[in-house]
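Work through these exercises with the structure in view. Try each task before reading its solution.

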Amino acid sequence: MGTKSVSFKLPTNYSPELLQGQIAKTLRIKNFSYELETKSLDARNKSNIHWLVKAVVSSPEIKGDEQVEKEKLEIPYKKSNKKIVVVGSGPAGFFNAFVLQKAGFDVTLIERGSDVTTRGKAISNFERTGSFNAQNNYAFGEGGAGTFSDGKLTSRSKRISKEKQFILSSYVEAGAPEEILYMTHPHLGTDNLRKIVKTLREAFENLGGKFLFETMLEDVAITNSKVKEVITSKGNFPADALFIAPGHSAFETYKMLIRRGIPFRTKNFAIGSRMEHTQEIINRAQWGKPQLPGVKAAEYRLTSQADGKHSVFSFCMCPGGMVVPAAVYENTNIVNGMSYYKRNGNFANAACVAAIHPDELAGKTVSPIEALDNLQKLEESFYQYSEGYAAPACSINDFLKQKGKGSQFETSYPLGLKPAPLWDLLPKPVVESMQVGLQDFIRKMRGFENGNLLGFESKTSSPVQVIRDQSGLCEGFDNIYMVGEGSGYAGGIISSAADGIKAAIHFIEQA
């Protein structure tokens, strides 16, 4: 039995039979099996959009073996009585706990929110009634913020191939479509993720791991640079090591850790608004036609150097998705994006954000706690403007002209819009950069000016970063690790989960 890799250009609506025929013709073989290795859409020429497909073919008629084994994550088994507490059940926290439990440690994972089913009901109620739930929302609850998102599985992080393969394989074992193993831009959709995180939790518990919901980290007892006990809303837990994966929104957790001496610094982050268009506008801009057989919905990734000081870029693009109310605390008003696996909604949305430093926003040098407070004040100002959770909104054209009638328009946002001069609500340097960036986007994509801007997007990343080493170990401490988006060193599902895994492997190797 030999193997060989072959590549093809195929129509967007190709059938398995067509691919099989191409393989047979190209390799001149009859008896074979194959697996897709990569699949990406080539839309550079709108008159000839096609899939680029690479397949690994196995057949007794093939001599030799070209297949390259993928790197595999090795998890050393070290049965141990050491008690590990992991805080946060997002990708970083869960995969950190999962790997540690596989290695034979006694792991307790605590999550401030509820299980994913209860969380989903709370979010649905919020979108229907406007009744905010501080425990279960788009940031807090089982699976973290990523569970109620587009579920993108791409990452720009390098040197995480083993970790990424482990993450993707774990998702497939938990029910994810196998295409995530070979698609260039794979995604799961929030509908799949809600099922997957529950299945993964059950796998963790079957290994002996303990998963505690509605358990808030309140404090840590530290002696001689070591955590001894983790203090929660459901009691205290002894800990030989503590791994904290709070996500980017748990401001009270950040502040508690700072008060306990864990060092943080401020850093660049990005804020702005959500852009929303009808999906047909994006499809026509990218494909030259309203639909493309075999492809769900067109995507885009846009960047601009803007004023040369603050880069502007699209973020978390959700084809066929919806803009959602992503408030983390009751009197704040922020937005984010979400989509289902089919990406078949009528609208497309993405953040339009400008990079900026907390010091520039404040007009002075600020501490990490001040940076968090200032960001929360901005989030509160949007709530005050709307007197609730309706999203302040304007058209892209009005934003560029800084004037307009403030008329209503169609949207996917469930809690309604409030016409607003977003150019007055957002910080001036952010507005000026976004205006230049949007003009660049309009030049790059036909019809892009026929879109709207919604609300305040403030959760692309955190304005603070813990000071830690590459393993995640916090500077000045012997057994406190911080991982994932909340650490300030990762962003998105894959890089966050990989960060959690790397910290777990380092701890296992040192144990």
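**Exercise 1. Lay out the open sheet of 7 strands in this predicted model. In what order do the strands come, and which stand at the edges?**

Solution.
- Step 1. The order is β13-β14-β17-β12-β20-β18-β19. The pairing is mixed.
- Step 2. β13 (303-304) and β19 (417-419) each have a single partner strand, so one side of each lacks a neighbour in the sheet. These two are the edges.
- Step 3. Now take β19 and its link to β18 (residues 391-395): the two run parallel, joined by 3 bridges. One pair to find is proline 392 with lysine 418 of β19.

**Exercise 2. Find what packs on this sheet. Which strands do helices α7 and α9 touch?**

Solution.
- Step 1. Helix α7 (residues 279-287) touches β12 (269-278) and β17 (347-356). The directions of α7 and β12 make an angle of about 95°.
- Step 2. Helix α9 (residues 368-386) touches β12, β18, β19 and β20 (452-457). Against β20, the direction of α9 makes about 130°.

**Exercise 3. Trace the surroundings of strand β5 (residues 106-110). Is it largely enclosed or open?**

Solution.
- Step 1. Of the 5 residues in β5, 4 are buried, so the rest of the structure largely encloses this strand.
- Step 2. β4 (residues 83-87) pairs with β5 in the parallel sense, over 5 bridges. Lysine 83 stands opposite aspartate 106.
- Step 3. Follow the chain from β4 to β5: it passes through helix α2 (residues 91-102), and this β-α-β crossover is right-handed.
- Step 4. β5 also pairs with β6 (residues 210-212), again parallel, over 3 bridges. Here isoleucine 110 faces leucine 212.

**Exercise 4. Locate asparagine 137. Is it buried or exposed, and what does its side chain reach?**

Solution.
- Step 1. Look in the loop between α3 (116-129) and α4 (161-173).
- Step 2. Its relative accessibility is 2%. Buried means under 20%, so asparagine 137 counts as buried.
- Step 3. The side chain of asparagine 137 reaches the backbone oxygen of asparagine 133 at 3.1 Å. It also reaches the backbone nitrogen of phenylalanine 140, at 3.0 Å.
- Step 4. Leaving out residues up to four places away in sequence, asparagine 137 touches Arg119, Ile123, Phe132, Ala327 and Val328.

**Exercise 5. Check the span of helix α12 (residues 428-444). Which of its residues are buried?**

Solution.
- Step 1. α12 has 17 residues. At 1.5 Å a residue, 24 Å is expected.
- Step 2. From first C-alpha to last, α12 reaches 25 Å, close to that value.
- Step 3. The buried residues of α12 include Val430, Val431, Met434, Leu438 and Phe441.
- Step 4. Residues three or four places apart in an α-helix point the same way, because there are 3.6 residues a turn.

Key:
Residues numbered from 1 in each chain as written. Predicted model: local features only at pLDDT ≥ 70, side-chain atom pairs only at ≥ 80, totals over all residues. Heavy atoms only, no water. Pairing = 2+ DSSP bridges. Contact = heavy atoms within 4.5 Å. Axes fitted to C-alpha atoms, helices over the stretch in contact; angles between N-to-C directions. Buried < 20%, exposed > 50% of the residue type's maximum accessible area, 1.4 Å probe, protein only. Polar contact = N/O pair within 3.5 Å; in protein donor to acceptor, adjacent residues only side chain to side chain. Expected span 1.5 Å × (residues − 1). Right-handed = clockwise from strand over helix to strand, strands pointing away.
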